[in-house]
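Visitor: Could you take me through the inside of this one, the nonpolar packing and any enclosed space? I'd like a close look with the cut-offs spelled out.

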Amino acid sequence: MNKKPSKTLAAGLAGFINPFRYDGSGTFHLKDHKTNEKGDLDKDEGQKILEANKQHLADFQEKLYAQDRWSVLIIFQGMDASGKDSAIKALFEGINPQGCEVRAFKQPTSHELDHDFLWRHVVALPSRGHIGIFNRSHYEECLVTRVHPEILAKEKLPTGLVTRNIWRERFEDISAFERYLARNGTVVLKFFLNLSREEQRQRFLDRLEDRSKQWKFSMDDIKERALWPRYQAVYQDIVRHTATTHAPWYVVPADHKWFARVVIGSVIVAALERLDLQFPRADRASLREFKAVQQALEGEARGGRKGAR
């Protein structure tokens, strides 16, 4: 009798993945996605799922590193205080730092502005066997740059190339770039942390009241908050035009940090499970060599015990 196949991790986590996944099929309206979703869980239940996901993630990452075939690029986008930093810290605290790197992309340097808009992100891509985390990413080049046109002027593009079609062209370039990565063994996971304006307000107040968090606050945050409707419209446009089957967007409810981490962790674990990661197996010749070395090492121990008598 054939054994019934065991349930996969992805199947068990589907309820925390599928409702938030958009791959370009159908229409997308950001207002249709709740920011305060909790997936019928309470915080204690969510914490248990988070801890299980962290263990699975650590196990998969070890195999990913040992196999040295796939790489994983994880992209976090979201408004200020949406929980990008804390999600990274909470989910990856048990990961071997040897196989994982976080890159935070700030305002481009003069050297970076002498290159195309994807250059600084390309040179930061994870190598095979590694997980790369982009805290903000190449999407800033059609987000902040679009909200603040004066930034685009600093990119030194030939005047004739800066047309009203530039954002559509950048969407096309990014989609082609991510398709190229997928075809070459990089799994691209994109998370937009969907925060409400009211929750951002509360988190800003928490930062101002807590001395240990005041360093996170900047007056620029308030200036950007005043542009909230514009940012939301541009984010909607980004998701609509760059969500694909090989690099879908996950629109993560971010008002409850614990649930955002459940969703993010579930997506990453399910994606790694699909890779069918395995520790490399030694060939027969290597196994014979290992056996000979093992016997020699064991022989040293026996010889040492005899000499000690």
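**Inside the core**

Guide: Of the 45 residues in the largest nonpolar core, the ones touching the most other members are Ile74, Phe92, Leu189, Phe191, Ile264 and Ile268. A nonpolar core here is a set of buried Ala, Val, Leu, Ile, Met, Phe, Trp, Tyr and Cys residues joined through side-chain atoms within 4.5 Å, with buried meaning under 20% relative accessible area (1.4 Å probe, protein chains only). Helix 12 gives the most to this core, 12 residues; helices (H or I, at least four residues) and strands (E, at least two) are DSSP runs numbered from the N terminus.

This is a predicted model, where local features need pLDDT of at least 70 and side-chain atom pairs count only at pLDDT 80 or more, while totals for chains, interfaces and linings use all residues. Residues are numbered from 1 along each chain as its sequence is written, and side-chain values use heavy atoms, with hydrogens and water left out.

Now zoom in on Leu189: setting aside neighbours within four places in sequence, Leu189 is in contact (heavy atoms within 4.5 Å) with Val72, Leu73, Ile74, Ile75, Val267, Ile268 and Ala271. A second, separate core has 35 residues, including Ile166, Ile174, Trp228 and Ile238.

As for enclosed space, the largest cavity (on a 1 Å grid over the protein atoms alone, a set of points where a 1.4 Å probe fits but cannot get out; lining residues have an atom within 4 Å of a point) is lined by Ser82, Gly83, Ser86, Ala87, Leu193, Lys257, Ala260 and Arg261. Helix 12 gives the most to that lining too, with three residues.

Definitions and conventions
On a 1 Å grid over the protein atoms alone, a cavity is a set of points where a 1.4 Å probe fits but cannot get out, and a pocket is an open set with protein on both sides within 12 Å along at least five of seven lines; lining residues have an atom within 4 Å of a point. Buried means under 20% relative accessible area, exposed over 50%, partly exposed in between (1.4 Å probe, protein chains only).
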